[in-house]
Amino acid sequence: MTNRVKALVVGWQENERGALAEIIGECVNRGINIKVTVLGPGAEPTVELPWDNKLEDYRTEIGRFMEVVYLPITLKVNDDEPQIVKRLHEEPYRNVIRLVTLLSEPTHGSDPRQSTGETKTVSVQLDDLLSTEEKAALTSYYPDKRLKISEAKRIMVQFDTSKGTMLIKIMMDDPAIQKLAEFCQTSDSHN
């Protein structure tokens, strides 16, 4: 059972051609999913993202082909080299992307075995219509490195839109992010 709370807007960013990005943080299983909703002027959904459709062969895992919709994004954490990762289409809307998942470390006094179990069960949010085998195949084929909140100081994500390239900067010392991290850890510790 996942522990979810209402998503909180943690910032807005804009590119030079008028594409806007609403950055949203959501508490999930002692961590934070950071997503972005890409919009046009006046917060209208007029900016398109170049999702790529690919027919993947999962006959060995689940016995059939399956269409996978993904968007390549460039992810850079702290001073590490940028990496191109594929983000699966996880939302009902085509203008929402999950950028990164941040995990909090266990707090003092908590059972370390329990927090390890929680970390292992955090998985990519996929369409509810997919079977368990399909979700497992997609999650293993498109692995997602989960970052520890304490280790990530700044995160930069870049992706293309119909209105130019969008560069998202997430500074972990931003008061909105800090407040969200505290809130997520506090709300999880009471449940």
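The following questions and answers concern a predicted model, its open sheet, its salt bridges and the surroundings of one alanine.

Reader: In what order do the 5 strands of the open sheet stand, and which strands are at the edges?

Author: The open sheet has mixed pairing and follows the order β1-β2-β3-β7-β8. Each strand at an edge has a single partner strand, so one side of it is left without a neighbour in the sheet. The strands in that position are β1 (8-14) and β8.

Reader: How many bridges join strand β3 to strand β7, and which residue of β7 is the bridge partner of Ile32?

Author: Strand β3 covers residues 31-39 and strand β7 covers residues 96-103; the two run antiparallel. They are joined by 7 bridges. For Ile32, the bridge partner in β7 is Leu102.

Reader: Where does Ala152 lie, and is Ala152 buried or exposed?

Author: Ala152 belongs to the loop between β8 (147-148) and β9 (154-161). Its relative accessibility is 2%, and the cut-off for a buried residue is under 20%. Ala152 therefore counts as buried.

Reader: Which residues are in contact with Ala152, leaving aside neighbours within four places in sequence, and how far is Val77 from Ala152 in space?

Author: The contacts of Ala152 beyond those neighbours are Val77, Asn78, Leu102 and Met172. Leu102 is also the bridge partner of Ile32. Val77 and Ala152 are 75 residues apart in sequence. From C-alpha to C-alpha, their separation in space is 6.5 Å.

Reader: How many salt bridges does a search of the whole structure find, and which residues are joined into one network?

Author: The search finds 3 salt bridges. Lys35 meets Glu26 at 3.5 Å, N to O, and Glu91 at 2.6 Å, N to O. Asp79 and Arg154 form a salt bridge as well, linking distant parts of the chain. Through shared partners, the network joins Glu26, Lys35 and Glu91.

Reader: Why does the pair of Glu91 and Lys35 tie together parts of the chain, and are these residues buried or exposed?

Author: Glu91 sits in the loop between β6 (83-88) and β7, while Lys35 is in strand β3, so the pair ties together parts 56 residues apart in sequence. As to accessibility, Glu91 and Lys35 are both buried.

Reader: Is Asp79 buried or exposed, and what is the distance between the closest N and O atoms of Asp79 and Arg154?

Author: Asp79 lies in the loop between β5 (64-77) and β6, and Arg154 in strand β9. Asp79 counts as exposed because its relative accessibility is 62%, whereas Arg154 is partly exposed at 28%. The closest N and O atoms of this pair are apart by 2.4 Å.

Terms used. Residues numbered from 1 in each chain as written. Predicted model: local features only at pLDDT ≥ 70, side-chain atom pairs only at ≥ 80, totals over all residues. Heavy atoms only, no water. Helix = DSSP H or I, 4+ residues; strand = E, 2+ residues; numbered from the N terminus. Buried < 20%, exposed > 50% of the residue type's maximum accessible area, 1.4 Å probe, protein only. Contact = heavy atoms within 4.5 Å. Pairing = 2+ DSSP bridges. Salt bridge = Lys/Arg side-chain N within 4 Å of Asp/Glu carboxyl O.
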